[in-house]
Amino acid sequence: PATTGALAAGSGDFLERLYLCDPANDRLVRTNAAGDAYETFATGVKGGEGLAFGPGGAWGTDLYVGDCDLTSLGSSADGPGRVARVTPAGGVSTFVQNSLLLRAGALAFDTGGRLGGDLFAADIVNERVLRVTAAGAVSVFATGFANLAGSNCLAFGADGALYVADPGAGEAWSKPGGSVSQGQVVRIAPA
């Protein structure tokens with residue numbers, strides 16, 4: 001299938017398989033039991049871009065998907081701007097839908113709880129990181145990036161910090177404050 005770079009490794013109820021987004025076909029796919037082919041796992045996700053498994057607690061352990069609209073970038077992802085929740089059986093429901101999430105691709109959970117245990121999403125068109133609480137509140141968390149790209153540009157480190165990959169389009173760019181930089185990994189440390 002024509003999948004995006006979003007990849008998540010399942011465990012437990014998700015059967016130790018790899019999961020991928022396939023926005024061209026409005027679905028999520030996973031490797032089959034033998035691991036040598038893809039099979040449809042869930043349908044009804046039109047703009048699947050980022051994947052993250054819930055860390056437990058208030059989030060549960062379902063698969064969360066950034067269902068975004070990236071057609072302005074030439075992508076087939078034409079979702080409604082939501083974070084969808086997918087059960088191990090492939091049932092899809094809307095966890096939260098919000099206009100801030102319209103261009104949100106990459107997802108990462110704060111599994112250590114140092115940033116509130118929340119879900120973070122990269123808005124790759126508006127160059128910002130969004131925060132989603134377990135109650136469904138969505139807010140802008142960080143801005144000032146040059147080129148958030150891809151479905152894997154967010155990750156939490158063992159130190160509890162959020163790491164944001166910002167390639168800066170491979171060119172020098174001006175950051176707020178006047179300094180010039182090329183691509184960088186930004187570390188956002190808990191207070």
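Gly 50 has its bridge partner in strand 6, and that partner is Gly 66. The two glycines belong to a pairing in which strand 5 and strand 6 (residues 63-69) run antiparallel, joined over 5 bridges. Keep in mind that this is a predicted model. Strand 5 covers residues 48-53, and 5 of its 6 residues are buried, so the rest of the structure largely encloses this strand.

Stay with strand 6 for a moment, since Cys 68 lies there. Is Cys 68 buried or exposed? Buried: its relative accessible area is 0%, and the cut-off for counting as buried is under 20%, so there's no doubt about the label. Its surroundings come from several parts of the chain. Leaving out residues up to four places away in sequence, Cys 68 touches Gly 47 and Glu 49, then Ala 77, Asp 78, Gly 79 and Gly 81, and finally Leu 101, Leu 102, Arg 103, Ala 104 and Gly 105. Take Arg 103 from that list: it sits 35 residues from Cys 68 in sequence, yet the two C-alpha atoms are 5.2 Å apart in space.

Zooming out, the protein has 17 strands and 0 helices. Of its 191 residues, 47% count as buried. Contacts between residues 24 or more positions apart make up 41% of those with a separation of 6 or more.

Here's how three antiparallel pairings look side by side.

| Strands | Bridges | One bridge pair |
|---|---|---|
| Strand 3 (residues 27-31) and strand 4 (residues 38-43) | 5 bridges | Val 29 and Thr 40 |
| Strand 5 (residues 48-53) and strand 6 (residues 63-69) | 5 bridges | Gly 50 and Gly 66 |
| Strand 14 (residues 162-166) and strand 17 (184-188) | 5 bridges | Leu 162 and Ile 188 |

As a reminder, strands of a sheet pair through backbone hydrogen bonds. The strand 14 and strand 17 pairing is part of an open sheet of 3 strands, ordered 13-14-17 and paired antiparallel. Strand 13 (154-156) and strand 17 are its edges, each pairing on one side only. On average, neighbouring strands in this sheet are turned by 25 degrees against each other, ignoring direction.

Strand 3 and strand 4 make a hairpin with 6 residues between them, and Gly 35 in the turn has a positive phi of about 80 degrees. Which residues other than glycine have a positive phi? Asp 26 is one of them, at about 50 degrees. Asp 26 sits in the loop between strand 2 (18-22) and strand 3, and it counts as partly exposed because its relative accessibility is 28%. Glu 127 is another non-glycine with a positive phi, near 55 degrees. Its place is the loop between strand 10 (119-123) and strand 11 (128-132). At 17% relative accessibility, Glu 127 counts as buried.

Now for the pockets. How big is the volume of the largest pocket? About 260 Å³. Its lining has 18 residues, and those nearest the centre are Leu 51, Ala 52, Phe 53, Leu 107 and Ala 108. Strand 5 turns up again here: strand 1 (7-9), strand 5, strand 9 (104-109) and strand 13 each supply at least two lining residues. What is the lining made of? It divides into 13 nonpolar and 5 polar residues, with no charged ones.

Key
Residues are numbered from 1 along each chain as its sequence is written. This is a predicted model: local features need pLDDT of at least 70, side-chain atom pairs count only at pLDDT 80 or more; totals for chains, interfaces and linings use all residues. Side-chain values use heavy atoms; hydrogens and water are left out. Two strands pair if DSSP finds at least two bridges between them. Helices (H or I, at least four residues) and strands (E, at least two) are DSSP runs, numbered from the N terminus. Axes are lines fitted to C-alpha atoms, for helices over the stretch in contact, and angles run from 0 to 180 degrees between N-to-C directions. Buried means under 20% relative accessible area, exposed over 50%, partly exposed in between (1.4 Å probe, protein chains only). Contact means heavy atoms within 4.5 Å. On a 1 Å grid over the protein atoms alone, a cavity is a set of points where a 1.4 Å probe fits but cannot get out, and a pocket is an open set with protein on both sides within 12 Å along at least five of seven lines; lining residues have an atom within 4 Å of a point. Grid points are joined across faces, edges and corners, and a volume is the space filled by probe spheres set on the points. Ala, Val, Leu, Ile, Met, Phe, Trp, Tyr, Cys and Pro count as nonpolar, Asp, Glu, Lys and Arg as charged, and the others, Gly among them, as polar.
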